[in-house]
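Please look over the sequence and the model together before reading the report. The account is organised by architectural element, from the whole chain to its parts.

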Amino acid sequence: MKQQQAQKNIESQPYDCRVFANATDAEMEAARLIKSFVTSSTKPVLGLATGRTMLPVYQWLRQWHALGELSFAQCVSFNLDEYCGLDADDPSSFASYMRTNFFDHIDMPSGHWHLPDAAATSGTPHTYDDLIHTNGGIGLQLLGIGRNGHIGFNEPGAEQNTRTHEVALTASTRAANAADFPEGTAVPTHAITMGISTILEAGNIVLLATGQGKAEALHQAFNGLVSAACPASYLQLHTNVTVICDEAAAQFLKVHS
Ligand code: GLP
């Protein structure tokens, strides 16, 4: 009870909210912020996300790279999460998603990009956070948001003080992600995800949300209480969050001017 009471008294931080008329403009803004971070850092350490929302973002970044406007040669990246029980070359794995949509098209040296070790036996202390710290910490973390308010695979009920760990996926998340798996293939029941503490240690966080399906989650995340019921609400505790969304996703969001 004490812990819950403490959450209610937490002063939420101001955040930069950028609402765009359509998803395309929002996606381009997110890509532009990543480009700006990469070109202005001597050793850019990126936190990366997957999902349908991010596909156009990676397309913009690939395009700017192909035009010679953006190099990732000095970059290191850490993905938020990975499903358990999939082979690394499984087309439905996040590793495959990232190679297909991004890594295979840019000049980030192999060995510079990392995903959580989904093959690690459950209970094995995940050294992912150590690797992030060894590389100087994440400078810019790209985040999406699940319809139930999850970030990474931190599902409702996720505690704030968590590191990279194994989680059980909710039925709603497995249903939402089923489209990424071949017909009749079961979506994994577990995943490895950066924990909330891991995410909140990033220097800057850019959350991209598009479409009306994310409107309620975005409203709960930034207008509701800081609560485990909506893990994205923990982002209220971070001092450098930029929310980028289209009008459909922002329709319930009360933006404090
Ligand atoms: C997955 C990922 C999240 C992502 C979410 C939303 O669960 N683990 O990182 O934000 O789905 O995905 P989409 O962009 O497809 O709605």
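What follows describes the overall form, the two sheets, a helix pair and the largest pocket of a predicted model.

## Overall form

The protein is built from eight helices and ten strands. Along its principal axes, the C-alpha trace spans about 50 × 40 × 40 Å. Because a compact globule of 257 residues would have a radius of gyration near 18 Å, the value of 17 Å found for the protein agrees with that expectation.

## The seven-stranded sheet

Seven strands, taken in the order S1-S10-S9-S6-S2-S3-S5, make up an open sheet in which the pairing is parallel. Its edges are occupied by strand S1 (16-20) and strand S5 (113-114), each of which has a single partner strand, so that one side of each is left without a neighbour in the sheet.

Within this sheet, strand S2 (residues 45-48) and strand S6 (residues 140-143) are paired in the parallel sense over two bridges, and glycine 47 stands opposite glutamine 141 in S6. Helix H8 (residues 215-223) packs on the sheet, where the helix touches strand S9 (204-209) and strand S10 (241-246), and the direction of H8 makes about 155° with that of S10.

## The three-stranded sheet

A further open sheet consists of three strands in the order S4-S8-S7, and here the pairing is antiparallel. Strand S4 (81-83) and strand S7 (165-168) are the edge strands, each pairing on one side only, while the twist from one strand to the next averages 30°.

Strand S8 (residues 190-193) is joined to S4 by three bridges, the two strands running antiparallel. At the level of individual residues, glutamate 82 has isoleucine 192 in S8 as its bridge partner.

## Packing of H3 and H4

Helix H3 (residues 55-66) packs with helix H4 (residues 94-101) at an angle of about 35°, and their axes lie 10 Å apart. On the H3 side the contact is made by Leu55, Tyr58 and Arg62, and on the H4 side by Tyr97, Met98, Thr100 and Asn101. By residue class, the contact of H3 with H4 comprises four nonpolar residues, two polar and one charged.

## The largest pocket

The largest pocket holds about 550 Å³ of space. Its lining is made up of 27 residues, and those that lie nearest the centre of the pocket are Ile145, Gly146, His150, Asn177 and Lys214.

Which helix gives the most to the lining of the largest pocket? Helix H6 (residues 171-177) does, with four residues. As for the chemical character of the lining of the largest pocket, the residues divide into 14 polar, eight nonpolar and five charged.

How values were computed. Residues are numbered from 1 along each chain as its sequence is written. This is a predicted model: local features need pLDDT of at least 70, side-chain atom pairs count only at pLDDT 80 or more; totals for chains, interfaces and linings use all residues. Side-chain values use heavy atoms; hydrogens and water are left out. Two strands pair if DSSP finds at least two bridges between them. Axes are lines fitted to C-alpha atoms, for helices over the stretch in contact, and angles run from 0 to 180 degrees between N-to-C directions. On a 1 Å grid over the protein atoms alone, a cavity is a set of points where a 1.4 Å probe fits but cannot get out, and a pocket is an open set with protein on both sides within 12 Å along at least five of seven lines; lining residues have an atom within 4 Å of a point. Grid points are joined across faces, edges and corners, and a volume is the space filled by probe spheres set on the points. Ala, Val, Leu, Ile, Met, Phe, Trp, Tyr, Cys and Pro count as nonpolar, Asp, Glu, Lys and Arg as charged, and the others, Gly among them, as polar. Contact means heavy atoms within 4.5 Å. The radius of gyration is taken over C-alpha atoms; the globule rule is 2.2 Å times the number of residues to the power 0.38.
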